[in-house]
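Student: I have a structure open and a pile of labels I'd like to see justified. Can we go through them one at a time?
Tutor: Sure, here it is.

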Amino acid sequence: MLPLSRRGRGPGGGAILLYLSIMFEGQPKGLYALSLANTGERFGYYTMLAVFVLFLQDNFGWAAGMAGAVYSGFLAFVYFLPLFGGMLADKIGYNKCVTTGILVMFLGYALLSIPAGNGIVAMTLMFAALVMVCLGTSLFKGNLQVMVGDLYNAPEMQSKRDSAFSIFYMAINIGALFAPTAAVKIMDYAQHTLGVSKADSYHYAFGVACISLIVSIAIYYAARSTYQQVTAQPVAGDSDKVSKSTDSSEAELSKSEVKERVVALCLVFAVVIFFWMAFHQNGLTLTLFANEYTQKHVSGLGSMPFDVINLLLCIFIIYALFSLFQSKTAQAKVISACVIVACLGGLAYKYLSLDPAGTDIEAPIFQQFNPCFVVGLTPVSMALFGWLASKGKEPSAPRKIGLGMLVAGLGYVVMILASLGVTPADQNTVSPNWLISTYLVLTFGELLLSPMGISFVSKVAPPKLKGTMMGGWFVATALGNFLVSIPGFLWGKVPLVAVWGVLVALCLVSFIFIFSIMKKLEKVC
């Protein structure tokens with residue numbers, strides 16, 4: 001972790017680069033490469049996901065329940081199949097699986113980008129594309145994360161594992177940050193410049209994913225030398241070679257120790273099912289709430305968050321503030337202060353340049369807030385936990401996961417407050433600030449649970465089962481995604497407060513459960 005007391009060594013090339021250099025200090029170069037490769041893939045994935053439910057409704061005329069079932073089913077398979085991708089990688093090697101996965105995903109997004117109308121042919125192409133995206137992701141996502149974890153197998157690197165996954169997770173969300181804006185802007189260009197219908201404009205957004213995967217595989221292979229040590233291939237006749245070559249620094253475990261670790265991981269998997277059920281409402285009920293109940297027109301200061309440039313300026317200010325207080329030299333502090341002043345000036349200029357008539361907002365744009373908050377708050381969380389670690393008070397990974405469940409429940413308490421007294425007749429009347437606040441709270445929960453959960457799996461998984469156990473993490477995510485559809489089926493049939501109340505209750509029960517088994521989980525850490 002990054003203690004608050006750490007200081008930079010010099011001014012660097014600017015406040016942002018200076019702080020980033022502090023964040024990455026002591027990290028292997030392979031982390032940069034693997035993180036950036038994942039950034040490209042995630043940008044394409046979230047560009048597609050930002051508009052997918054609305055595409056199903058506009059193109060095929062499906063109701064919220066049907067669209068939600070396809071959406072949650074897709075998410076379930078995206079995260080379930082990595083179990084088998086991990087098993088395969090444990091046998092044939094991670095590099096082969098990651099490369100094949102990118103190519104298969106590319107073909108899937110290419111099929112989605114074909115405007116085939118709304119008949120049986122269009123449905124067939126869409127489902128074929130979804131299958132290919134699921135299969136490609138199963139080979140790519142979990143195995144890339146295992147490779148990241150294997151960079152930290154050496155004893156001297158173990159202490160950097162949690163912070164590494166926080167950085168890796170931040171890189172994922174840099175890609176996701178720009179995805180909703182990219183989807184909305186590309187669709188707008190297709191409709192108003194190219195003259196295509198709204199239903200067909202979605203395919204242009206899906207096509208962006210193809211380009212992002214080209215960038216992803218280019219980064220992956222261009223920087224291969226930086227992570228060469230974790231791409232070892234198995235030798236014919238010895239299926240254990242992959243594990244032995246990448247885990248030589250790890251001691252062999254007894255059968256009882258392996259069982260103890262697997263049981264502990266499965267207990268964590270059972271808990272996070274309900275986190276992902278709640279969290280991935282961002283593409284379903286939270287998007288439906290944005291589309292049906294949230295104001296579609298904002299003006300003045302309220303319109304500022306809906307411009308991604310303004311969000312970037314705020315992120316730069318956060319990083320420059322860290323650089324200002326952590327830099328050692330006066331020159332570095334001056335650079336940091338100048339960046340802060342410049343960004344504040346940029347925000348002031350953007351505010352004074354606002355259209356007096358206000359700004360129209362589309363439902364998918366709300367999905368930019370979660371990745372924005374992840375990127376902006378990652379250094380905050382790293383610094384906080386680093387400071388707690390320096391005091392010997394940092395919570396264990398299982399405790400962070402449990403607290404993440406509690407915080408996620410609080411996020412939907414915000415939605416309950418937003419929905420009090422709201423009826424189906426109150427169309428587009430709720431302030432956008434309620435949804436923005438919900439995404440902020442959910443992001444706090446995500447930062448406690450997701451990167452720490454991945455780090456926990458990579459740390460605790462038995463050496464010969466790393467790919468399988470990382471796949472197990474995604475199976476839990478898949479089951480949560482499959483349950484995402486339940487609030488979708490409740491939508492419009494029960495009061496909004498009841499929809500959010502179900503999610504609050506599940507998060508609270510999960511929080512209580514994980515703390516009831518905390519001793520068992522902390523024993524294997």
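Student: Why are α7 and α8 called oblique to each other?
Tutor: This is a predicted model, and in it helix α7 (residues 161-192) and helix α8 (residues 198-222) pack at an angle of about 130°, with their axes 8 Å apart. Roughly perpendicular covers 65 to 115 degrees and roughly antiparallel begins over 145. The angle of about 130° fits neither range, so α7 and α8 are oblique.

Student: What is the handedness of the crossing of α7 and α8?
Tutor: The α7 and α8 crossing is right-handed.

Student: Which residues of α7 and α8 meet?
Tutor: On the α7 side you have Ala183, Ile186, Met187, Ala190 and Gln191, and they meet Lys198, Ser201, Tyr202, Tyr204, Ala205 and Val208 in α8. Sorted by class, that contact has eight nonpolar, two polar and one charged residues.

Student: What makes α6 oblique to α17?
Tutor: Helix α6 (residues 120-150) packs against helix α17 (residues 466-483) at about 125°, the axes being 9 Å apart. An angle of 65 to 115 degrees would be roughly perpendicular, and one over 145 roughly antiparallel. About 125° lies outside both ranges, and that makes α6 oblique to α17. The crossing of α6 past α17 is right-handed.

Student: Which residues of α6 and α17 meet?
Tutor: Lys141, Gly142, Gln145, Val146 and Asp150 in α6 meet Lys466, Gly467, Met470 and Phe474 in α17. By class, the α6 and α17 contact divides into three nonpolar, three polar and three charged residues.

Student: Why do α4 and α6 count as roughly perpendicular?
Tutor: The axes of helix α4 (residues 82-92) and α6 cross at roughly 65° and come within 8 Å. The roughly perpendicular range is 65 to 115 degrees, and roughly 65° sits at its lower limit. α4 and α6 are therefore roughly perpendicular. Their crossing is right-handed. Pro82, Gly85, Gly86, Leu88 and Ala89 of α4 make the contact with Thr137, Ser138, Leu139 and Asn143 of α6. In class terms, the α4 and α6 contact has four nonpolar, five polar and no charged residues.

Student: Let's leave helix pairs for the nonpolar core. How many residues are in the largest one, and which of them have the most contacts inside it?
Tutor: That core has 143 residues, and those with the most contacts inside it are Phe52, Phe74, Tyr109, Phe366, Trp473 and Trp500. Helix α2 (residues 29-60) supplies the largest share, 15 residues. Apart from that core lies another, of eight residues, including Met304 and Ile340.

Student: Which residues does Trp473 touch, not counting residues up to four places away in sequence?
Tutor: Val268, Phe269, Val272, Trp276, Leu449, Ser450, Gly453, Ile454 and Val457.

Student: Why is Phe106 called partly exposed?
Tutor: Phe106 has a relative accessible area of 30%. Buried would need under 20% and exposed over 50%, so Phe106 is partly exposed. Phe106 is found in helix α5 (residues 94-112). Beyond its neighbours within four places in sequence, Phe106 is in contact with Cys210, Leu213 and Ile214.

Student: What makes Gly492 exposed?
Tutor: Gly492 has 73% relative accessibility, and the exposed class starts over 50%, so Gly492 counts as exposed. Look for Gly492 in the loop between α18 (485-490) and α19 (496-516).

Student: How do you know that His297 is partly exposed?
Tutor: The relative accessible area of His297 is 39%. With buried set at under 20% and exposed at over 50%, His297 is therefore partly exposed. His297 lies in strand β1 (residues 297-298). Leaving out neighbours within four places in sequence, His297 is in contact with Ala357, Gly358, Thr359, Asp360 and Ile361. His297 and Asn428 are 131 residues apart in sequence and 9.0 Å apart in space, C-alpha to C-alpha.

Student: What stands out about phi of Asn428?
Tutor: Phi of Asn428 is near 55°, a positive value in a residue other than glycine. Most residues other than glycine have a negative phi. Asn428 is in the loop between α15 (397-419) and α16 (432-460). With 30% relative accessibility, Asn428 counts as partly exposed.

Methods: Residues are numbered from 1 along each chain as its sequence is written. This is a predicted model: local features need pLDDT of at least 70, side-chain atom pairs count only at pLDDT 80 or more; totals for chains, interfaces and linings use all residues. Side-chain values use heavy atoms; hydrogens and water are left out. Axes are lines fitted to C-alpha atoms, for helices over the stretch in contact, and angles run from 0 to 180 degrees between N-to-C directions. Helices (H or I, at least four residues) and strands (E, at least two) are DSSP runs, numbered from the N terminus. Angles under 35 degrees count as roughly parallel, over 145 as roughly antiparallel, 65 to 115 as roughly perpendicular and the rest as oblique. A crossing is left-handed if the near helix is turned anticlockwise from the far one by less than a right angle, and right-handed if clockwise. Contact means heavy atoms within 4.5 Å. Ala, Val, Leu, Ile, Met, Phe, Trp, Tyr, Cys and Pro count as nonpolar, Asp, Glu, Lys and Arg as charged, and the others, Gly among them, as polar. A nonpolar core is a set of buried Ala, Val, Leu, Ile, Met, Phe, Trp, Tyr and Cys residues joined through side-chain atoms within 4.5 Å. Buried means under 20% relative accessible area, exposed over 50%, partly exposed in between (1.4 Å probe, protein chains only).
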